[in-house]
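New to this one? Take a look at the sequence and the fold first, and then we'll walk through a few spots together.

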Amino acid sequence: MTAPSHLSADEGYGPAEQRVQNLMTRISAIEWFSSAGRSKERESTEQAMWEYMRGFGLEEIQIQWLEKDQLPAFFADRRLESSPLWLQIHEVPLQIRAKAEETGRLFYLSNLADRVPEKLFHLSFDGAFREFGSQGSTIVKWAVGAVMYVVGLACAWEMLADQDGWHNNPYEVYLQVFGAGHWPLGLFDGVFYAI
């Protein structure tokens, strides 16, 4: 995929460049997982999670906070395919790609796919290892994977934010949870889990 003629191959996020840059700057400043297992900012974080779930039409969801030592058992007992939230969002990457193709922005999408991990992997890994290293490498990998997935979708959505129907980024609220230093683990059996 070649860069548009006015850009070099390593720059550019499209017509919504400034929005994407602002989001990238904001997420680069997050202290990843710094509040995991602590009560810091839980009330405002819960409000953000409820707002996020309402955006997907999920009402009356209970939020349960886990402790770090509960994470291995939590992940051993759960699969993404059993989450109603996952069932609603698992096709979002395909929708983003289709819209990027329709609007001639596949280059920008590809650029984001390269730049987001480059910018965030070490930051999120350092935070995950610091907070969850004692729980094992699988938990660290899950934490970093969650950051890469959510941030990648948030940035890709933002790249399309100038298009009709794409103005309100549903991942903005999810990023607020990460921004508070917590990790939103997901929705299972009517309970949204976080640490």
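Below is a quick tour of two residues and a pocket, all in a predicted model.

## R42, a buried arginine

Let's start with R42, which sits in helix α2, a stretch covering residues 42-55. This residue is buried, yet it has no salt bridge. The nearest side chain of opposite charge belongs to E67, and that one is 4.4 Å away. A salt bridge would need a side-chain nitrogen of Lys or Arg within 4 Å of a carboxyl oxygen, so this pair doesn't make the cut.

So what does the side chain of R42 reach? It gets to the backbone oxygen of R38, at 3.1 Å. If you skip the neighbours within four places in sequence, R42 is in contact with G37, W65, L66, E67 and H182.

## Q163, in a loop

Next up is Q163, found in the loop between α7 (137-159) and α8 (171-179). Is Q163 buried or exposed? It counts as buried, because its relative accessibility is 17%, and the cut-off for buried is under 20%.

As for company, Q163 touches K99, T103 and R105, leaving out residues up to four places away in sequence.

## The largest pocket

Finally, have a look at the largest pocket, with a volume of about 410 Å³. It is lined by 23 residues, and of these L80, W86, A146, Y174 and L185 are the closest to its centre.

Which elements give two or more residues to that lining? They are the helices α3 (71-76), α4 (84-89), α7 and α8, along with the strand β2 (184-188).

Note on methods
Residues numbered from 1 in each chain as written. Predicted model: local features only at pLDDT ≥ 70, side-chain atom pairs only at ≥ 80, totals over all residues. Heavy atoms only, no water. Helix = DSSP H or I, 4+ residues; strand = E, 2+ residues; numbered from the N terminus. Buried < 20%, exposed > 50% of the residue type's maximum accessible area, 1.4 Å probe, protein only. Lys, Arg positive; Asp, Glu negative; His and termini not counted. Polar contact = N/O pair within 3.5 Å; in protein donor to acceptor, adjacent residues only side chain to side chain. Contact = heavy atoms within 4.5 Å. 1 Å grid on protein atoms, 1.4 Å probe; cavity = no way out; pocket = protein on both sides within 12 Å on 5 of 7 lines; lining within 4 Å. Points joined across faces, edges and corners; volume = space filled by probe spheres on them.
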